[in-house]
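Hi everyone, thanks for coming. Let me put the structure up on the screen, and then we can walk through it together.

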Amino acid sequence: MVFKRRDRRPIWKIALDFVYPKGGWTRAFHYVKHRLNRLPGSPERIARGMAAGVFTAFTPFYGLHFIIAALLARLMQGNILAALLGTFAGNPLTYVPIGAVAMKSGYFLLGFGTGGVEEDVHRSLGGKFVDAGTSLVGNIRALYLGRPADWHGLSVFYNEVFFPYLVGGIIPGLAAAVASYYVAVPIIRAYQKRRAKKIMAKIEARRKTARRVPDTGPGNGPAARGE
């Protein structure tokens with residue numbers, strides 16, 4: 001393949017780049033902003049796509065954020081690539097606060113109370129997702145091997161983590177998505193206008209240069225014109 005890496009990265013390097021990308025999160029942020037500004041389409045369409053990605057970052061569907069963001073962007077007639085870039089609102093630096101807010105909101109809306117939720121989320125939210133995935137794989141393997149499967153752990157995870165997270169992430173996710181839309185539209189519009197002016201200036205400069213350069217090709221010299 002043309003774009004395949006020659007030097008294959010080890011697993012630990014992939015995990016490290018996910019937690020802290022090469023060049024730092026500041027460089028990653030500017031890269032995403034640069035790509036958003038250079039996307040084709042109207043500012044509103046790009047911003048709708050970005051809003052879809054930001055909203056998806058507040059859902060507990062880890063591993064499926066790109067797919068869900070693309071589907072939402074298509075439904076909203078937004079830019080799909082902008083939606084994929086918008087999912088970067090969810091990253092190792094923001095997953096914990098997003099999870100804490102979503103869980104606390106979900107527990108409040110479902111009437112579970114919020115005692116100890118923030119501490120529990122900060123301490124073991126990621127571990128609970130890992131445990132649920134391990135339990136799911138183990139139960140599927142048990143069914144395949146004809147062994148009894150225990151779904152109690154997954155039931156507890158769904159009721160105490162996944163469903164509250166899903167419900168609680170809707171309101172802050174919508175708020176963040178709407179805010180990102182109204183912030184992105186004027187920024188993208190201003191960037192597109194500035195970029196269009198630069199392109200037109202370059203075209204005009206080339207035209208002026210072409211007018212100043214005399215045509216010295218065969219048949220156009222002074223001798224050919226009888227001078």
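Look at the face of α4 that is turned away from its buried side: the exposed residues there are Ile67, Leu71, Arg74 and Leu75. By exposed I mean over 50% relative accessible area, by buried under 20%, and by partly exposed anything in between, using a 1.4 Å probe and protein chains only. Helices here are DSSP runs of H or I with at least four residues, strands are runs of E with at least two, and both are numbered from the N terminus.

A word on what you are seeing: this is a predicted model, where local features need pLDDT of at least 70 and side-chain atom pairs count only at pLDDT 80 or more, while totals for chains, interfaces and linings use all residues. Residues are numbered from 1 along each chain as its sequence is written, and side-chain values use heavy atoms, with hydrogens and water left out.

Now turn α4 around. Which residues of this helix, 65-75, are buried? They are His65, Ala69, Ala70 and Ala73. They sit on the same side of α4 because they cover an arc of only 130 degrees around the axis, taking the directions from the helix axis to the C-beta atoms. Their cover includes α3, α5 and α6. Just after the helix, Gln77 has a positive phi of about 55 degrees.

Next, please find Thr87, in the loop between α5 (80-86) and α6 (95-109). Is Thr87 buried or exposed? With 4% relative accessibility, it counts as buried. Setting aside neighbours within four places in sequence, its contacts are Gly53, Val54, Ala57, His65, Phe66 and Ala69, where contact means heavy atoms within 4.5 Å.

Phe88 lies in that loop between α5 and α6 too, but at 42% relative accessibility Phe88 counts as partly exposed. Together with Leu64, Phe66, Ile67 and Leu71, Phe88 forms a nonpolar patch on the surface. For such a patch, nonpolar side chains (Val, Leu, Ile, Met, Phe, Trp, Tyr) are joined within 5 Å, and each residue has over 30% relative accessible area and no salt bridge, that is, no Lys or Arg side-chain nitrogen within 4 Å of an Asp or Glu carboxyl oxygen. The patch has about 500 Å² of accessible area, from the Shrake-Rupley method with a 1.4 Å probe.

Finally, let's zoom out. The protein has nine helices and zero strands, and 30% of its 227 residues count as buried. Thanks for listening!

Conventions:
Patch = residues over 30% accessible without salt bridge, like charges linked within 9 Å, V, L, I, M, F, W, Y side chains within 5 Å.
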